[in-house]
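Visitor: I am new to this structure and would like to know what the terms rest on. Please show it, and then I will ask.

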Amino acid sequence: MVYINDGLNFLSKLTFKRVFNLGKILSSYYYTKLKGKPVQWGLPMTVSIEPTTACNLRCPECPSGLRAFSRPTGNLKIDFFKNTIDEIYKELIYLIFYFQGEPYINPEFLNMVKYASDKGIYTITSTNGHFLNKTNAIKTIESGLDRMIISVDGTTQETYESYRKGGKLDVVLQGARNMVKWKKEMNSKKPHLIFQFLVVKPNEHQIDEIYKLAEEIGIDEVKLKTAQVYDYEDGNELIPTISKYSRYRKKANGKFEVKHHLDNHCWKLWHACVITWDGAVVPCCFDKDATHKLGDLKQKTFVELWQGEDYQAFRALLLQGRDKIDICTNCTEGCKVWA
């Protein structure tokens, strides 16, 4: 039933203009694959926007957690956010309030969610769950947020904090319970609640337990996610031993490599993009430090950037070889339509 509710909610967001735009994206994507030359007829159906680069945790494979950004850091301003949404909302289906950082640290976060929800956009966020007290749970539901991903990477404190450095599992689980309770109290079917379990070697033995915990609390869904590891060639203590949950495999010489084959096309470059807190547009969520900046929304409109020379040049470079682009070499998603 919860999946049906979420599906019906998503379908309610679709307008003729959004569906027509999706058709233009798909046709230009497949035409590009056929001709080998980048063509883009639509606007993105999915945008990730960064509420903040700040985070309360110190996760070891996260630039935000490591405080290791070379780009500027800060909070997304609500006036800039509204101006951006006003330009793109008619074609936009999904708005993901997450890139780096913990969204709830931005004091305007839920006001921005409400603004996007009122535009009929399907809104999503990903949180580490430490800010879901009663007040924020109620405000989140009132904002109209459609989907909430809560990172729960362990079912015991010891396992959880082996990756979520500085985190408190009991706080996260109470936050999840608050969300479930207030959804019921307020008779709301939203947000669809997901426990995301980042599978790493220290927690892989608790995969069955996370499903039981989610059911006990009343969470709608569990998603298992493979972990991106920066230094993997010589092995890494985070790489799971269960092969299907690992992005990497061990070669005969003892070194590790990314498992997937890099096809020279990328669905994400046609249907999605990321906007940083300060207005930079980057190709996807793998460009965590915004090293491939394709434009600045404080200098140009979104349409100018999306159809501009820099974006088309990047799409053309990708068609020549994804293995030549650093952020693509550790990617497992970009070549799949609907990834």
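Visitor: Why is M148 called buried or exposed?

Guide: Buried means under 20% relative accessible area, exposed over 50%, and partly exposed in between, with a 1.4 Å probe and protein chains only. M148 has 0% relative accessibility, so M148 counts as buried. This is a predicted model, in which local features need pLDDT of at least 70 and side-chain atom pairs count only at pLDDT 80 or more, while totals for chains, interfaces and linings use all residues. Residues are numbered from 1 along each chain as its sequence is written, and side-chain values use heavy atoms, with hydrogens and water left out.

Visitor: Where does M148 lie, and which residues is M148 in contact with?

Guide: M148 lies in strand β4; strands (E, at least two residues) and helices (H or I, at least four) are DSSP runs numbered from the N terminus. Contact means heavy atoms within 4.5 Å. Leaving aside neighbours within four places in sequence, the partners of M148 include Y104, T125, L132, M179 and P191. M148 and T123 are 25 residues apart in sequence, and their C-alpha atoms are 8.7 Å apart.

Visitor: What makes D6 and R147 a salt bridge?

Guide: A salt bridge is a side-chain nitrogen of Lys or Arg within 4 Å of a carboxyl oxygen of Asp or Glu. The side chains of D6 and R147 meet at 2.7 Å, N to O, so the pair fits that definition. D6 is in helix α1 (residues 2-11) and R147 in strand β4 (residues 147-151), so the pair ties together parts 141 residues apart in sequence. D6 has a relative accessible area of 11%, which makes D6 buried.

Visitor: How many salt bridges does a search of the whole structure find?

Guide: The search finds 12. One of them joins D118 and K114, with the closest N and O atoms 2.8 Å apart. Both residues lie in helix α5 (residues 109-118), four residues apart, about one turn of the helix.

Visitor: Why are D118 and K114 given separate labels for exposure?

Guide: D118 has a relative accessible area of 54% and is therefore exposed. K114 has 36% relative accessibility, so K114 counts as partly exposed.

Visitor: What is known about the salt bridge of D153 and R164?

Guide: The closest N and O atoms of D153 and R164 are 2.6 Å apart. D153 is in the loop between β4 and α7 (157-163) and R164 in the loop between α7 and α8 (169-185), so the pair ties together parts 11 residues apart in sequence. Both D153 and R164 are buried. Elsewhere, salt bridges that share partners join K13, D146 and K190 into one network.

Visitor: How do you know which strands pair in the sheet?

Guide: Two strands pair if DSSP finds at least two bridges between them. Eight strands form an open sheet of mixed pairing, in the order β6-β5-β4-β3-β2-β1-β9-β10. β6 (221-226) and β10 (281-282) each have a single partner strand, so one side of each has no neighbour in the sheet. Strand β1 (residues 46-49) pairs with strand β2 (residues 94-97) in the parallel sense over four bridges, and S48 stands opposite I96 in β2.

Visitor: What pairs with β2 besides β1?

Guide: Strand β3 (residues 122-127) pairs with β2 in the parallel sense over four bridges. F97 stands opposite T125 in β3. Along β2 the side chains alternate: L95 and F97 point to one face and are buried, while Y94 and I96 point to the other and are not.

Visitor: What is unusual about N187 and A290?

Guide: Most residues other than glycine have a negative phi, and most peptide bonds are trans. N187 has a positive phi of about 55° although it is not a glycine, and A290 also has a positive phi of about 55° without being a glycine. N187 lies in the loop between α8 and β5, and at 71% relative accessibility N187 counts as exposed. A290 is in the loop between β10 and α11 (302-306), and at 17% A290 counts as buried.

Visitor: Which residues does a cis peptide bond join?

Guide: The cis bond joins K190 and P191, with omega at about -5°. P191 is found in the loop between α8 and β5 (192-199).
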